[in-house]
Amino acid sequence: MSTLTDQGAPAGAPAPKQRPAGIVGTALNYLTGQLRQVGLFIALIAIIIFFQITTNGITLAPINVSNLIIQNSYILILAVGMVLVIIAGHIDLSVGSVVAFTGAAAGVMITQWGLPWWMAAILCLFLGAAVGAWQGFWIAYFGIPAFIVTLAGMLTFRGLTQIVLQNQQISPFPDKFRDLGSGFLPDLGGGTSFLEPLTVIIGVLSAAALVGSGIRQRMIRRRHQLVDEPILWFAAKLLLTAGLILFITYLLASYRGTPIVLVILGLLTVGYSAVMNRSVWGRHIYAMGGNLHAADLSGINTKRTTFTVFINMGVLAALAGLVFTAQLNLASPKAGEGFELDAIAAVFIGGAAVTGGIGRVTGAIIGGLIIGILNNGMSIMGVGTEYQQLIKGLVLLAAVAFDVFNKRRGSTSIT
């Protein structure tokens, strides 16, 4: 039987390694604990640099950056909703079919019924909520696994899309509706200024708001003596993020300004990040995904939370359907095919756990951007679609494997 030293270690055992002291050592220790998030940013920057070199500077050309945002907007919108579903411990395989269904409904309402485009858009959002409520009802209150319900939904709403469109495509749409997917905010410079003024104003205000919010949150945490990140890492992260916003602002302002869909994405990202971090509903979603039984015992209405999560997913899928239809200027029976796979991949690449309870809205956005940049860069390089699918599959596998490795490393260090 071994004896213990004053520190609780077995006698004769090697002394534990000392962690580096000082500000740099503290930052290194913190970064080790935040390896998943840090690695995500490093991966994004490395991919951008790689394609910037291999495409001879086309990747960060202003027109390409603008196109990247517009062309991946609907996947990013779906990823925002999907990350909530996956954090809650579920999955949604129907979002691609819901995109097609709501796009078809918008096409019929606008071109055949003669409704104003904005009224059709609002009705489609309610339609998406109804779709989410239908699926959420079976999942939450009947206990049918989300995989089965949404797989059935994928088939059901794809069939309804074909019925609504009668297997025909609908086009064209009004210009105001098309602006939702591919339009830009008004150019205050009248097209004569070097940088579009409104985009510059929005970018500078966004960077300033980010810095101010970060500093305020850090002061609140320190005032309540909560564990906080090292000042070195905090300052570096804040400056890097603000600098990235200003750099993107410069690129967009050099072309045609701010895409309307970027404003939508920005509002969704900020809004849902705040909801997940600060609201009771967000905390219930994390608790339910972390341990469903414990959440039930703690008094959380897990059925209602699940129900509302799928209603939210339906609304965002409808919004993505409107954006995609407006961007293509076309409602098609084949719209949205494979979108659910891209959205799920974006969430897992962005750091969400397969088992639920872990994930961030910003991580899902970054994961979606990684997929979008991979698609864009490989297309510019002339890589065939078969190799693009292969590479994206390997990236997804690597992201999930990295998450599993981190969990095992964490559990080993605890034991």
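Contacts between residues 24 or more positions apart make up 78% of the contacts in the protein with a separation of 6 or more. Keep in mind as you look around that this is a predicted model. The protein has 17 helices and zero strands, and 42% of its 415 residues count as buried.

**Helix 3 and isoleucine 69**

A good place to see distant parts of the chain meet is helix 3, which covers residues 62-71. Its buried residues are Asn64, Val65, Ser66, Leu68, Ile69 and Ile70. What lies over them? The cover includes helix 4, helix 8, helix 10 (231-254), helix 11 (260-278), helix 14 and helix 16 (361-381).

Isoleucine 69 is one of the residues of helix 3. Its relative accessibility is 12%, so isoleucine 69 counts as buried. Once neighbours within four places in sequence are set aside, isoleucine 69 is in contact with Leu252, Val261 and Leu262. Proline 259 sits 190 residues away from isoleucine 69 along the chain, yet their C-alpha atoms are separated by 7.9 Å.

**Helix 4 against helix 14**

Next, follow helix 4 (residues 73-87) and helix 14 (residues 302-328), whose axes come within 8 Å and cross at roughly 175°. How do the two run relative to each other? An angle over 145 degrees counts as roughly antiparallel, and helix 4 and helix 14 are therefore roughly antiparallel to each other. On the helix 4 side, the contact is made by Ser73, Tyr74, Ile77, Leu78, Val80, Gly81, Met82, Leu84 and Val85. On the helix 14 side, the residues include Val309, Phe310, Met313, Leu316, Ala320 and Phe324. The residues of this contact divide into 16 nonpolar, four polar and no charged.

If you read along either list, a general point about helices may help. An α-helix has 3.6 residues a turn, so residues three or four places apart point the same way.

**The cavity and glutamine 135**

Helix 14 also takes part in enclosing a space inside the protein. The count comes to one cavity of 30 Å³ or more, and about 40 Å³ of space lies in the largest cavity. Its lining is made of Asp92, Ser94, Val95, Val98, Val131, Gly132, Gln135, Phe310, Met313, Gly314 and Ala317. By type, these divide into six nonpolar, four polar and one charged. Which helices supply at least two residues each to the lining? They are helix 5 (95-112), helix 6 (117-141) and helix 14. The largest share, four residues, comes from helix 14.

One of the lining residues, Gln135, is worth a closer look. Glutamine 135 is found in helix 6, and at 2% relative accessibility it counts as buried. Leaving out neighbours within four places in sequence, glutamine 135 is in contact with Asp92, Ser94, Val149, Thr150, Gly153 and Phe157. Asp92 and Ser94 also appear in the lining of the largest cavity.

**Loops with something to notice**

The loop between helix 7 (146-165) and helix 8 (175-182) holds proline 172. A cis peptide bond, with omega about 0°, joins serine 171 to this proline 172. Asparagine 167 lies in the loop between helix 7 and helix 8 too. Its phi is near 60°, a positive value in a residue other than glycine.

Asparagine 329 has a positive phi of about 60° as well, although it is not a glycine. Where is asparagine 329? It lies in the loop between helix 14 and helix 15 (339-349). Are these two asparagines buried or exposed? Asparagine 167 is exposed, whereas asparagine 329 is buried.

**Arginine 283**

Our last stop is helix 12 (residues 280-290), where arginine 283 lies. Arginine 283 counts as partly exposed. Not counting residues up to four places away in sequence, arginine 283 touches Met276 and Arg278. Arginine 283 and isoleucine 300 are 17 residues apart in sequence, and 9.9 Å apart in space from C-alpha to C-alpha.

Here are the accessibility values of the residues visited above.

| Residue | Relative accessibility |
|---|---|
| Isoleucine 69 | 12%, buried |
| Glutamine 135 | 2%, buried |
| Asparagine 167 | 52%, exposed |
| Arginine 283 | 44%, partly exposed |
| Asparagine 329 | 12%, buried |

Methods:
Residues are numbered from 1 along each chain as its sequence is written. This is a predicted model: local features need pLDDT of at least 70, side-chain atom pairs count only at pLDDT 80 or more; totals for chains, interfaces and linings use all residues. Side-chain values use heavy atoms; hydrogens and water are left out. Axes are lines fitted to C-alpha atoms, for helices over the stretch in contact, and angles run from 0 to 180 degrees between N-to-C directions. Angles under 35 degrees count as roughly parallel, over 145 as roughly antiparallel, 65 to 115 as roughly perpendicular and the rest as oblique. Contact means heavy atoms within 4.5 Å. Ala, Val, Leu, Ile, Met, Phe, Trp, Tyr, Cys and Pro count as nonpolar, Asp, Glu, Lys and Arg as charged, and the others, Gly among them, as polar. Buried means under 20% relative accessible area, exposed over 50%, partly exposed in between (1.4 Å probe, protein chains only). On a 1 Å grid over the protein atoms alone, a cavity is a set of points where a 1.4 Å probe fits but cannot get out, and a pocket is an open set with protein on both sides within 12 Å along at least five of seven lines; lining residues have an atom within 4 Å of a point. Grid points are joined across faces, edges and corners, and a volume is the space filled by probe spheres set on the points.
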